Amino acid sequence: MPQFTCPKCGAGLEVKAGTHIATCQYCQTTTYIDRSTALFFYLVPFTIDETKAKGIFKRWSAGPSMAKELEHNAVITKFAKEYFPVFQFRRLVKEKEQIVVKPAKGTTLPGMQNLVIPPGSLTIFDTATATDGAEVLKPDLSIDPYFEDLPGKAVDQSIVYFPAYEVTYTFKGEKYELVIDGSSGDVYTGPFPGRSSGSYLSVMGLAAALGLFGGLLGILVNPVFFVLVIAGFFAGNILGTKLVQKSMESKK
Ligand SMILES: [Zn+2]
């Protein structure tokens, strides 16, 4: 069993087998313990309260790319305020400091892979820290595998509790998930009930009409241009497909 010391006061830490978390008996600082490291816990405070977060969801569900009735017919089945643990890696890449954030807990939630920690927002997390009624989720991933893919050299690493609202809702019998960033108010969503099929048809329709119009114009100018009827139609469809792909990408 390796020996760990408290990163704040230097006292020896008693780490129970099978656990990743130790609390210093002298200064009460909570520390994350991995095979090779003892890490500080930090916390990013909530700046978005539940009322605000629900307003954000409401506005999001009324957005222009959402299914029409989503705003009124989405039924929220879970609205959990929580602190989600992430690893923060400070790296030195080409003489510049770069911060990489990775989940410290297994998750399929959208957005948790790419969180951004607002600069200057970190406070040390210990037993005295107020958690604003949020559930503090425990890390369950090891930090070691991440080191293989990180850029540059290590400056330091820590665990940060990230403020988040985990939202589950149903719409037309389907279940959807999203996360609202409790610090920035950003919405991270996976697949959602969108208007994409409608917009696809209208763009395709417009493209086909333009192609046909070009083709007819061609026939009027010179019968040789008759091929433009076909060419214009296909070009219109290809353009339409590209437009739709673009608009779908921008919704992600
Ligand atoms: Zn200590």
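**Exercise 1.** In this predicted model, decide whether Q28 is buried or exposed, or falls in between.

*Solution.* Start with the count: Q28 has 14 C-beta neighbours inside 10 Å. A buried residue needs 20 or more, and an exposed one has 12 or fewer. Q28 is therefore partly exposed. Next, place the residue in the chain: Q28 sits in the loop that runs between β3 (21–23) and β4 (30–33). Last, look at the backbone: the phi of Q28 is positive, about 70°, although Q28 is not a glycine. Most residues other than glycine have a negative phi.

**Exercise 2.** Find where D132 lies and state its exposure class.

*Solution.* The loop between β8 (123–124) and β9 (135–136) holds D132. Within 10 Å there are 14 other C-beta atoms, so D132 is partly exposed. The phi of D132 is positive, at about 55°, and D132 is not a glycine.

**Exercise 3.** Describe the largest nonpolar core: how many residues does it have, and which of them have the most contacts inside it?

*Solution.* The largest nonpolar core has 35 residues, and Y161, F162 and I180 have the most contacts inside it. Now list the elements that each supply at least two residues of this core: β5 (38–43), α1 (50–61), β6 (75–93), β10 (153–171) and β11 (174–181). Of the contributors, β10 gives the most, with 8 residues.

**Exercise 4.** Which residues does F162 touch, not counting residues up to four places away in sequence?

*Solution.* Leave out residues up to four places away in sequence; F162 then touches V44, Y83, F84, V86 and L115. In soluble globular proteins, nonpolar side chains tend to be buried together.

How values were computed:
Residues are numbered from 1 along each chain as its sequence is written. This is a predicted model: local features need pLDDT of at least 70, side-chain atom pairs count only at pLDDT 80 or more; totals for chains, interfaces and linings use all residues. Helices (H or I, at least four residues) and strands (E, at least two) are DSSP runs, numbered from the N terminus. A nonpolar core is a set of buried Ala, Val, Leu, Ile, Met, Phe, Trp, Tyr and Cys residues joined through C-beta atoms within 7 Å. Two residues are in contact if their C-beta atoms, placed from the backbone, lie within 7 Å.
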